[in-house]
Structure formats: structure tokens, C-alpha cells
Amino acid sequence: MLLMCNQMLLIHFLAWVALNFICSENESCSEDIPGGGVRKLMLGDIEGDDVIKTLIQGLRNNSMITSLCLTYLNIHSEGSKALKQVLLENKTLRVMVLDNCIKSIEIAEVVAEGLQNSAGVTQLQLQNIEGDDVIRTLIQGLRNNSMITSLCLHNFNLHSEGSKALKQVLLENKTLRAIELDYCIKCMEIAKVVAEGLQNSA
């Protein structure tokens, strides 16, 4: 019991440290919010759904951080719900990178619900995500999003369903202004589907 209490105290302490230390002055920290403080946060190679949930929950009411990168996190049920709430509630967060974090359709569905009505994110980068259903679900979350203006898809293995979802986003989303497809389209059939969306992009 004492060990568990100490572990939880450590988790909360790490969350506090990550969200409250003062970063050195440089361009990456000098956003449009006055004063000092963290502007960019990267969480990587962290295990344990409760650990991930606790860290992400620390961002729900944060009014300083504008850029969040989650890389190689093994996100499960509780972590995905926390991420969804951050997307829905945090109005300061502008840039989000999800790198090799979403590995099942169940997690993708929860995150997509947050993407549909995100409160502040305007730039989204999704990379190193596998599974046509997972990719389709995440991309579908952007069809009616009215905040995101820049989308980067990096190292996706787009197949039939994912490419159709991307086509619909191109045809229907009127807010998206920039899109980057990096190492995503690897055959003619997929290229044709995406090209149909590009021909009449909204």
C-alpha cells in the first residue's frame, strides 16, 4: 500500500513538474501569450495508462502550453478519454502531434470524438499509425472540424478505407488550408482516390 501511494505521489509530482517548469527564452517558447512559462510539451516513451492519463489531465485547464507532442505512448482507455477531454476543453493548445500512440480502433474512436469538436487545436500531425480502420476513424474525425487549418499525415500506410476518408475530408472540410502527405500513398489505386478529393477540395 505504501509503495502504491509513493508511486501515485511520484506520478502527480512529475505531472506538476512537466507543466510548471520555466523554459529558457527562445523562439519556440515565444508564442502570443505574454510572460514566461512552458509553451511546448513533449511526452514520450511513457508506459502505464494511469500514468499517461494523469499527465494528460494536467493539461485540461492549462492556459500556457500551445504545443503538445505525444510520441510512442501506449495509450489505452483512460489515457484516450483524458486526451479527448483536452481536445474538447483546452482553448490555448494550438499544435498537437500524435506519433505512434493510437494502436486500436477503440482508442481511435475516442480520440476522433475529441477531434470532431476540438476547442483550440489548429495544427494536427498524425504519424506512424497503422491499421486501415484506425486511420479511417481518425481522419473521419476531421470531416466537420472547424478549427484545424493544417494537417500533416506522416508515414501512414493508407489503404482503401483510409483513402476514402481522406477524400471526404478534402471534399467537405472548408477550414483546412494546408495538408501534407508524407510517405502515405504507395499505390496507384490510393493515389486515384485521393486525387478525386484534391480535384474538388472544399
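**Close-up views of the predicted model**

**Figure 1. Ile179 and its nonpolar surface patch.** Ile179 is partly exposed, with a relative accessible area of 33%. This residue belongs to strand β6, which covers residues 178–182. Together with Leu181 and Ile185, Ile179 makes up a nonpolar patch on the surface, and the three share about 200 Å² of accessible area. Please keep in mind, here and in every view below, that the model is predicted.

**Figure 2. The whole chain, for orientation.** Before going further in, it helps to step back for a moment. The protein contains seven helices and six strands, arranged along the sequence as α-β-α-β-α-β-α-β-α-β-α-β-α. Of its 202 residues, 44% count as buried. Among contacts with a separation of 6 or more, 83% are between residues 24 or more positions apart. The accessible surface adds up to about 10,500 Å², with 52% of that belonging to carbon and sulfur atoms.

**Figure 3. Leu68, a buried residue of strand β2.** Here we look at Leu68, which sits in β2 (residues 67–71). Its relative accessible area is 1%, so Leu68 is buried. Leaving aside residues up to four places away in sequence, Leu68 touches Leu41, Leu59, Leu93, Val95, Met96 and Val97. Arg94 is 26 residues from Leu68 in sequence, yet their C-alpha atoms are 8.3 Å apart in space.

**Figure 4. Helix α5 and what covers it.** Which residues of α5 are buried? In this helix (residues 132–140), they are Asp132, Val134, Ile135, Thr137, Leu138 and Ile139. Their cover includes two helices, α4 (105–116) and α6 (160–172), along with the strands β4 (123–127) and β5 (150–154). Just ahead of the helix, Gly131 is placed in the loop between β4 and α5. Gly131 is partly exposed, at a relative accessible area of 35%. A separation of 8.5 Å lies between the C-alpha atoms of Gly131 and Ile105, which are 26 residues apart along the chain.

**Figure 5. The packing of α5 against α6.** The axes of these two helices come within 7 Å and cross at roughly 10°. With that angle, α5 is roughly parallel to α6. On the α5 side the contact is made by Asp132, Ile135, Arg136, Ile139 and Gln140, and on the α6 side by Ser160, Glu161, Gly162, Ala165, Leu166 and Val169.

**Figure 6. A salt bridge inside helix α5.** Asp133 pairs with Arg136 in a salt bridge whose closest N and O atoms are 3.5 Å apart. Both residues lie in α5, three residues apart, which is about one turn of the helix. Asp133 is partly exposed, with a relative accessible area of 40%, and Arg136 is also partly exposed, with a value of 23%. The count of salt bridges comes to seven.

**Figure 7. Two salt bridges that reach helix α6.** Arg143 and Glu172 form a salt bridge, and their closest N and O atoms are 2.9 Å apart. Arg143 lies in the loop between α5 and β5 and Glu172 in α6, so this pair ties together parts that are 29 residues apart in sequence. Arg143 is partly exposed at 28% relative accessibility, as is Glu172 with a relative accessible area of 31%. A salt bridge also joins Glu196 to Lys167, with 2.7 Å between the closest N and O atoms. It links distant parts of the chain, 29 residues apart: Glu196 is in helix α7 (residues 188–199) and Lys167 in helix α6. Glu196 is partly exposed, with a relative accessible area of 38%, and Lys167 is partly exposed with 21%.

Key:
Residues are numbered from 1 along each chain as its sequence is written. This is a predicted model: local features need pLDDT of at least 70, side-chain atom pairs count only at pLDDT 80 or more; totals for chains, interfaces and linings use all residues. Side-chain values use heavy atoms; hydrogens and water are left out. Helices (H or I, at least four residues) and strands (E, at least two) are DSSP runs, numbered from the N terminus. Buried means under 20% relative accessible area, exposed over 50%, partly exposed in between (1.4 Å probe, protein chains only). Contact means heavy atoms within 4.5 Å. Accessible areas come from the Shrake-Rupley method with a 1.4 Å probe; for residues, only the protein chains shown count as cover. Patches are made of residues with over 30% relative accessible area and no salt bridge: like charges are joined within 9 Å, nonpolar side chains (Val, Leu, Ile, Met, Phe, Trp, Tyr) within 5 Å. A salt bridge is a side-chain nitrogen of Lys or Arg within 4 Å of a carboxyl oxygen of Asp or Glu. Axes are lines fitted to C-alpha atoms, for helices over the stretch in contact, and angles run from 0 to 180 degrees between N-to-C directions. Angles under 35 degrees count as roughly parallel, over 145 as roughly antiparallel, 65 to 115 as roughly perpendicular and the rest as oblique.
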